[in-house]
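This briefing describes the fold of a single chain for a reader at the bench. Please keep the sequence and the model in view while reading.

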Amino acid sequence: MPAPATPKRQPVRTCVACRTSGGKRGLLRLVRLPNGAGVALDPTGKQSGRGGYVCATSACVELALKRKALERSLKTALTEEVQAELRAAIPPENAV
Ligand SMILES: [Zn+2]
């Protein structure tokens, strides 16, 4: 019998808007910068710091912004610039 695959420990990444893991649509990661420097989009997903995820769809991004779900999750405000970056990061096929 083959040995069971070693489970890799992966942090649970769920969208702050719909609370699902995004799946094939993918998730956009936002990370809170140190020293009160605000929030940045983290396309590589490798930046350290407190992160928040939202599906890369306009529906979830708009919902998250409207509910201030990312702000709550990251405990800091999102600047207009970051909100614009977030919207710009949505692939065209996921935009409504
Ligand atoms: Zn979502």
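Leu 27 has Cys 55, in strand E3, as its bridge partner. That pair belongs to the antiparallel match between strand E1 (residues 27-32) and E3, which are joined by five bridges. The model is a predicted one, and the points below proceed from the sheet to the helices and the core.

**Overall composition**

- The chain contains three helices and three strands.
- Read from the N terminus, the order of elements is β-β-β-α-α-α.
- The chain has 96 residues, of which 23% count as buried.
- Among contacts between residues at least 6 apart in sequence, 61% join residues at least 24 apart.

**The sheet**

- The three strands make up an open sheet in the order E2-E1-E3, with antiparallel pairing.
- Strand E2 (39-41) and E3 are at the edges and have a single partner strand each, so one side of each has no neighbour in the sheet.
- From one strand to the next, the twist averages 25°.
- Strands of a sheet pair through backbone hydrogen bonds, in a parallel or an antiparallel manner.

**Strand E1 and its partners**

- Five of the six residues of E1 are buried, and the strand is thus mostly covered.
- Towards E3, Arg 29 of the pairing stands opposite Tyr 53, and Leu 27 is the bridge partner of Cys 55.
- Towards E2, the antiparallel connection to E1 consists of three bridges.
- Within that connection, Leu 30 stands opposite Leu 41, and Val 31 has Ala 40 as its bridge partner.

**Strand E3**

- Where does E3 stand in the sheet? E3 stands at an edge, with a single partner strand.
- Four of the five residues of E3 (residues 51-55) are nevertheless buried, so the rest of the structure largely encloses this strand.
- In a regular strand, side chains alternate between the two faces of the sheet.

**The hairpin between E1 and E2**

- E1 and E2 form a hairpin, and six residues lie between them.
- Pro 34 is located in the loop between these two strands.
- Pro 34 is exposed, because 9 other C-beta atoms lie within 10 Å and a residue counts as exposed at 12 or fewer.
- The C-alpha atom of Pro 34 is separated by 9.5 Å from that of Ser 48, and the two residues are 14 residues apart along the chain.
- Asn 35 is also placed in the loop between E1 and E2.
- Asn 35 is exposed, with 5 other C-beta atoms within 10 Å.
- Although Asn 35 is not a glycine, its phi is positive, at about 60°.
- Most residues other than glycine have a negative phi.

**Helix H1 and the residue that follows**

- Which residues of helix H1 (residues 58-67) are buried? They are Cys 60, Val 61 and Ala 64.
- These three residues span an arc of only 100° around the axis, which means that they lie on the same side of H1.
- An α-helix has 3.6 residues a turn, so residues three or four places apart point the same way.
- The buried residues of H1 pack against E3, helix H2 (69-74) and helix H3 (80-88).
- Lys 68 follows H1 and is found in the loop between H1 and H2.
- The phi of Lys 68 is near 55°, a positive value in a residue other than glycine.
- Lys 68 is exposed, because 12 other C-beta atoms lie within 10 Å and the exposed class extends to 12 or fewer.

**Helix H3 against the sheet**

- H3 lies across E1 and E2.
- The direction of H3 is at about 20° to E2.

**The nonpolar core**

- The largest nonpolar core comprises 18 residues.
- Cys 15 and Val 54 are the residues with the most contacts inside this core.
- E1, E3, H1 and H2 are the elements that give two or more residues to the core.
- In soluble globular proteins, nonpolar side chains tend to be buried together.

Technical notes
Residues are numbered from 1 along each chain as its sequence is written. This is a predicted model: local features need pLDDT of at least 70, side-chain atom pairs count only at pLDDT 80 or more; totals for chains, interfaces and linings use all residues. A residue is buried if 20 or more other C-beta atoms lie within 10 Å of its own, exposed if 12 or fewer, and partly exposed in between; C-beta atoms are placed from the backbone. Two strands pair if DSSP finds at least two bridges between them. Two residues are in contact if their C-beta atoms, placed from the backbone, lie within 7 Å. The arc is that of the directions from the helix axis to the C-beta atoms. A nonpolar core is a set of buried Ala, Val, Leu, Ile, Met, Phe, Trp, Tyr and Cys residues joined through C-beta atoms within 7 Å. Axes are lines fitted to C-alpha atoms, for helices over the stretch in contact, and angles run from 0 to 180 degrees between N-to-C directions.
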